[in-house]
Each structure stands twice: as structure tokens, then as C-alpha cells.
Amino acid sequence: MPLTYRKPGTSNELTLIRVAIQSQIMSLFSDVGRKVEKTKQALTDGKQEEYVCVSCEELVDEDYEYCPHCGEETVEPVT
Ligand SMILES: [Zn+2]
């Protein structure tokens, strides 16, 4: 039967496709994992520059000349 000869070939192809998809999924996951690691680092790494307005005590992410929250000229780096 030609069908029985075909079946192993087809399943091999399917296996190849499955492996290819799996490795793609794996690399996708490791990409996400890496991103999560980076985010974790950013969250735990307190060395990221931060600024705070000493007038309203709001945190700002840049060295603004004027506080975007209260407009005071009191933005200073967080040490
Ligand atoms: Zn302010």
C-alpha cells in the first residue's frame, strides 16, 4: 500500500516541523526571559538615575529644569 509507505515520511516531516516550531518557541521564551531579567535588573538596580523635586517630593525620570508636577525649579538627583 502506498499509503503505509507515505505515512512514515509524512510523520517525519511533521516531526521536523514540530522540532522547528518548538525551537522557535524556545528561543521566543528565552527572549522573553532575557527581557524579564532586564526588567528585574532595572527594578532591583538602584543605580539608575532618578531625580526628585524637593518641593513636592515627586519623583521625575529626568533632570528637569522645572518640576513637571509643581513647576518649581527644585529638581535634584536622588542620591
Ligand atoms: Zn515638584
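Which protein donors does the zinc ion have? Here are my notes, and keep in mind that this is a predicted model.

1. Start with the metal. Four cysteine sulfurs hold the answer: the SG atoms of Cys53, Cys56, Cys67 and Cys70 are the protein donors of the zinc ion. They lie 2.2 to 2.3 Å from the zinc.

2. Now look at the geometry. The angles among the four donor atoms run from 106 to 115°, and the site is tetrahedral. For comparison, the ideal angle for four tetrahedral donors is 109.5 degrees.

3. Try finding the donors in the sequence. Their spacing reads C-x2-C-x10-C-x2-C. Cys53 sits in strand β1 (residues 51-53), while Cys70 is in the loop between β2 (59-60) and β3 (75-77), so this pair ties together parts that are 17 residues apart in sequence.

4. Are those two cysteines buried or exposed? Cys53 has 0% relative accessibility, so it counts as buried, the cut-off being under 20%. Cys70, with a relative accessible area of 36%, is partly exposed.

5. Zoom out to the whole chain. You should find one helix and three strands, and going from the N terminus the order is α-β-β-β.

6. Next, check the burial and the contacts. Of the 79 residues in the chain, 8% are buried. Among contacts with a separation of 6 or more, 18% are between residues 24 or more positions apart.

7. Last, the surface. The chain exposes about 7,300 Å², and carbon and sulfur atoms supply 56% of that area.

Terms used: Residues numbered from 1 in each chain as written. Predicted model: local features only at pLDDT ≥ 70, side-chain atom pairs only at ≥ 80, totals over all residues. Heavy atoms only, no water. Donors = N, O, S within 2.8 Å, 3.2 Å for Na, K, Ca; no water. Tetrahedral: all angles 85-135°; square planar, octahedral: opposite > 155°, others 65-115°. Helix = DSSP H or I, 4+ residues; strand = E, 2+ residues; numbered from the N terminus. Buried < 20%, exposed > 50% of the residue type's maximum accessible area, 1.4 Å probe, protein only. Contact = heavy atoms within 4.5 Å. Areas by Shrake-Rupley, 256 points an atom, 1.4 Å probe, with all protein chains shown as cover.
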